[in-house]
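Please open the structure in a viewer and keep the sequence at hand. The tour below proceeds by selections, each followed by a short account of what is found there.

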Amino acid sequence: MTFRDATPVDATAIDAVFRESFQATFAHLYASEDLATFLAQFTVEGWAEEIADPAFAFRVIEDAEGIAGYCKLGPISLPATPEGPAIELRQLYLLDRAKGSGAAQALMDWALATARARGAAELWLSVYIDNHRAKRFYQRYGFEDRGPYAFMVGNHADEDRLMRLAL
């Protein structure tokens, strides 16, 4: 597996990874119309715009089959109250074939280094309350639970947890 910064050319592959990973993990939680409404917010053009925007940072992992995961950092969009300069870990998604390979740790290490290099004193994220694997992963890095957050998927409100790491 190799890691590199994403380019706008990767937008289609990132969109595919996002959709496959999100649906594999969460689709069973939602009515089909809520899931469709949520996924419609994401477009290849939108991904390409974010990748090209210097306010965001993307890292991809590739294997022989192509992009198998990515991590995205961006400005704070969560209802968080940072105590200093902050950045948000917006997404860290892997396809099943990349899970257990060390890819998640490598992407998180990149996210931490990139956040620090951009002058952030805090890294924020949200995680679904019942995504125990992800919560344990973030807790191992020292993220602390900062309270509930309603993550909307169509008209369905999930309970997510806001998490913060002091850098």
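Are Trp47 and Phe58 buried or exposed? Select the two residues in this predicted model: both Trp47 and Phe58 are buried. They will serve as a point of return once the whole chain has been viewed.

**The whole chain**

Display the chain as a cartoon. The chain contains 5 helices and 7 strands, and from the N terminus their order is β-α-α-α-β-β-β-α-β-α-β-β. Along the principal axes, the C-alpha atoms occupy a box of roughly 35 × 35 × 30 Å. For 167 residues, a compact globule would have a radius of gyration near 15 Å, and the value for the chain, 15 Å, agrees with this.

Now switch to a surface. About 8100 Å² is exposed by the chain, and carbon and sulfur atoms supply 51% of that area. Of the 167 residues, 46% count as buried. Among contacts in the chain with a separation of 6 or more, 63% are accounted for by residues 24 or more positions apart.

**Helix α3**

Select residues 44-52, which form helix α3. Trp47, Glu50 and Ile51 are buried in this helix. These three cover an arc of only 100 degrees around the axis, which puts them on the same side of α3. Turn the view to the face directed away from that buried side: Glu45, Glu49 and Ala52 are the exposed residues it carries. To see what covers the buried residues of α3, add the elements α1 (11-26), β2 (57-63), β3 (66-74) and β4 (86-94), which are included in that cover.

**Aromatic rings**

Show the side chains of Phe, Tyr and Trp. The structure holds 20 aromatic pairs. In one of them, the ring centres of Trp47 and Phe58 are 6.4 Å apart and the planes stand at 80 degrees, so the pair is edge-to-face. Because Trp47 lies in helix α3 and Phe58 in strand β2, this pair ties together parts that are 11 residues apart in sequence.

Keep Phe58 selected and add Tyr70. The centres of these two rings are also separated by 6.4 Å, but with planes at 25 degrees the pair of Phe58 and Tyr70 is stacked. The pair links distant parts of the chain, with Phe58 in strand β2 and Tyr70 in strand β3, 12 residues apart. Phe58 and Tyr70 are both buried.

**Helix α4**

Next, select residues 103-117, helix α4. At 1.5 Å a residue, its 15 residues should span 21 Å, and the C-alpha atoms at its ends are indeed 21 Å apart. Which residues of α4 are buried? They are Ala103, Ala104, Leu107, Met108, Trp110, Ala111, Leu112, Thr114 and Ala115. Gly119 follows α4 and has a positive phi, near 85 degrees.

**Val153**

For the last stop, select Val153 in strand β6 (residues 144-153). Its relative accessible area is 0%, so Val153 is buried. What does Val153 touch, not counting residues up to four places away in sequence? Its contacts are Phe22, Tyr30, Asp34, Leu35, Phe38 and Asp158. Finally, draw a distance from the C-alpha atom of Val153 to that of Pro54: the two residues lie 99 residues apart along the chain, and these atoms are separated by 27 Å.

How values were computed: Residues are numbered from 1 along each chain as its sequence is written. This is a predicted model: local features need pLDDT of at least 70, side-chain atom pairs count only at pLDDT 80 or more; totals for chains, interfaces and linings use all residues. Side-chain values use heavy atoms; hydrogens and water are left out. Buried means under 20% relative accessible area, exposed over 50%, partly exposed in between (1.4 Å probe, protein chains only). Helices (H or I, at least four residues) and strands (E, at least two) are DSSP runs, numbered from the N terminus. The arc is that of the directions from the helix axis to the C-beta atoms. Contact means heavy atoms within 4.5 Å. The expected span of a helix is 1.5 Å times one less than its number of residues. The radius of gyration is taken over C-alpha atoms; the globule rule is 2.2 Å times the number of residues to the power 0.38. Accessible areas come from the Shrake-Rupley method with a 1.4 Å probe; for residues, only the protein chains shown count as cover. Rings of Phe, Tyr and Trp (its six-membered ring) pair if their centres lie within 6.5 Å; planes under 30 degrees apart count as stacked, over 60 as edge-to-face and the rest as tilted.
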